[in-house]
Every structure is written in C-alpha cells, then in structure tokens.
Amino acid sequence: MELMAPCHFGLEAVLKREILDLGYEISSVEDGRVTFLGDAEAIATANIFLRTAERILLKAGSVHAETYDELFEGTKAIPWEEYLPRDAKFQVTKATTVKSKLFSPSDIQSIVKKAVVERLKSVYKIDWFPEDGASYPIRVFFMKDEAVLALDTTGESLHKRGYRKLTAKAPISETLAAALIALTPWKADRILVDPFCGSGTFPIEAAMMAANIAPGMERSFTAEHWQNLIAKKHWYDAVEEAQDLIQMPAECDIQGYDIDGEVIKAARENARRAGVEQLIHFQQRPVSELRHPKKYGFIITNPPYGERLEDKAALPALYREMGEAFTRLDSWSEYVITSYEDAEKYIGKKAAKNRKIYNGMIRAYYYQFPGPRPPKRNGPQRTD
C-alpha cells in the first residue's frame, strides 16, 4: 500500500529520515508530504512511532480532473470496495486544491461522495447504505488538476499526543517542536534549556526522545476499527514494542524556564501527563536571568513574536536580553524559531543558517547559532 504522511512545509527531510529509520521504502517526497510503501502493520507502526508526521493517509487512487464529470468518473473507477465494507461510515472530510481548475472544496467533497456511493452500489448491489459501522474519513488533495484520494487512518492530528491539556499563549505544536529538535545535533547527553518554555512542548518532546517514548502510545486512531484492513494484533504489537523500547530513567538534563508562574504550573502538569516529569526541571525565571555553569549546552526556544501591536513594542528589549544571555553562554548552541523580522539585529549576531518554517499560518524562521562541540581528548574543537 502507498501511505502518505503530511508534515510541516520545509521539514520533509526530517520526516523522511524517521520513515527510513522505521525500515520503510520512500516512494516520493513533495512539499509538505512524504509518501512511502508499507503493509497493514506499517499503518499502526507509523501512527504510533512517527514524531514529525501530522497524520497517516492510505492512498486509494488518483484522478486527473479538469471538470466535475472527470472527477466523478475517475473517483468511481477507484476500487473503493477494497477499503470500505458495506456498513462503512464514509465522509469526505477535507478537500484542498492548488492551481487547479476545480477549486471549490465543498463541490469536490460532494462529487467524490456521490461517486463513491455509486461505485459501492454497483459492487454491493444495494441502493442504500446504513453507514452505521466504523468511520473511514476520505481526504482529497488537488494539485494542478491531479487529485489524490486517500483514507485518513489517524483521526485527530498526530500532534495531539494526549499530554497537553493546558496550553500557553501561542503554543508550538508537538510535531513541529519534535522536528525542530531533530534539526539540531542535540543528543540526550547534552544539556537543553528552553527559556520561553510556555506549556513545556520543547522540553517534553526532548524528554520523550531521550527516554525513547513513542509519541502515539497513549492515544487512539481511526483505523483501529478498520478490522477489514488492519488486524487488531498489529496495534497491540506496535504498542507492546513501543513499551519495550522505553529507556527509563533516562540520563538527561532538560530545563524549561518562563517568566509566568502559572504557565510553569501548566508545563509541569503536561510533563506529568507525558510521563517525563522526573526528567525536566521547570522554573519561573525571566530570560534576563538565564545563566548556567555547564558548557556546551543547547537552547531551543520559541520566544514571543509580537503578533499583537501592543506586544511588539516590548520585543527589542526582550531579544536584546536574549542576545546578552547567549553571550554569557558563549560555548552553547542556540536555535530560535520566530517571525520577528529584527530577531538577529537585537540578538546581536548573525545566524549561521535560517530556515523558513510555518508555525500554523504564521511564517517564521528557524535561526541557528551553532556553538563549539565539547573537545575530544587530545583533539580540536569542532562546530555543531
């Protein structure tokens, strides 16, 4: 089967590496999506283990359509009976279109639904479907008149790990946080500090990585009920494997700071729900007081962007304080995601690299300030 894993734009390479590490073959990499080959077991494994995918989709077919008649006939030609049982509850939950002649999501959804019904009527020889069985959500992606139709195996997005019940203002998603950590050379034996930790997403995702806790262990998925396609055993086996791979207590030094004490309480509760509270030290502390005696640590953070006009006036001083903290921690590596256009100016140094990232609908940049690696015995320092 062809399985599609959407992800944040610009982070396809991180997701590709994750999928390869699970042992699956990549068939294509496109903007915001990685497609790979896998069996029924792969659906369960990918949903439970992938940290940076937004969901796992099972490709049913593709259609070239410049008219609604072409969309209807092309959709009807797909063997939907191979995926949908007689009692399936199937809705076209989402349609997106880019640079295509068909651009109305609601019309696309309606036509696809009718075409699937007509196909199943001819195969099952019935005129009415009760739709009282398991849910099989269908998604349609149009790009330059080429439509891909897929079943959503995940349900709620994979960024909903289940641990974050309490959020701070402008939170970063769990999948994006995991991908940004993966873009750095940080490993569990190096200290990591987030001075603007908010509800704790960066520290919690880092701690889960350090302890090798699979992100989807504690949640459910739509395809768990697709017993015509995926045996229950695959889900049980994947969770059991995930439990066996956990390494607790992990040896790590992860810290989260924030100026807001109530936010720190929320972060602690989220860490507890994620099962990593003993791996993270949270503390109420402004960035102006950021100091640390250890060398060669990492700062990975999502500071305020100033999206509201009244907040923007405070940003120069805040980013200047951040830059002063970076100067004090001169052997550290810093990674900052922000949409603030003057970030480098007030931090006081030029990033070695920056990468355009979309945090939700906000265009941001991931500024990378690599520091020296810890010196090896009798060896020179190198830059991360």
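User: In the largest nonpolar core, which residues touch the most other members?
Analyst: This is a predicted model. Its largest nonpolar core holds 98 residues. Those that touch the most other members are Trp80, Leu84, Val276 and Ile337.

User: Which helix gives the most to this core?
Analyst: The helix in question spans residues 105-124 and supplies eight residues to the core. That helix is α4.

User: Leaving aside neighbours within four places in sequence, what is tryptophan 80 in contact with?
Analyst: Contact here means heavy atoms within 4.5 Å. Once neighbours within four places in sequence are set aside, the partners of tryptophan 80 are Ala60, Thr75, Val116, Arg119, Leu120, Ile138, Leu149 and Leu151.

User: How many residues are in the other core, which lies apart from the largest one?
Analyst: Among its members are Leu315, Ala325, Ala343 and Ala351. The size of this other core is 23 residues.

User: Is helix α6 largely enclosed or largely open?
Analyst: A residue counts as buried when its relative accessible area is under 20%. Among the buried residues of α6 are Thr201, Phe202 and Met208. Nine of the ten residues in 201-210 are buried, so with respect to the rest of the structure α6 is largely enclosed.

User: Which residue just after α6 takes a positive phi?
Analyst: The phi angle there is about 60°. The residue is asparagine 212.

User: What is the radius of gyration of the protein chain?
Analyst: For 384 residues the globule rule gives 21 Å. The chain's own value is close to that, so the chain is as compact as a globular protein of that length. Its radius of gyration is 23 Å.

Note on methods. Residues are numbered from 1 along each chain as its sequence is written. This is a predicted model: local features need pLDDT of at least 70, side-chain atom pairs count only at pLDDT 80 or more; totals for chains, interfaces and linings use all residues. Side-chain values use heavy atoms; hydrogens and water are left out. Buried means under 20% relative accessible area, exposed over 50%, partly exposed in between (1.4 Å probe, protein chains only). Helices (H or I, at least four residues) and strands (E, at least two) are DSSP runs, numbered from the N terminus. A nonpolar core is a set of buried Ala, Val, Leu, Ile, Met, Phe, Trp, Tyr and Cys residues joined through side-chain atoms within 4.5 Å. The radius of gyration is taken over C-alpha atoms; the globule rule is 2.2 Å times the number of residues to the power 0.38.
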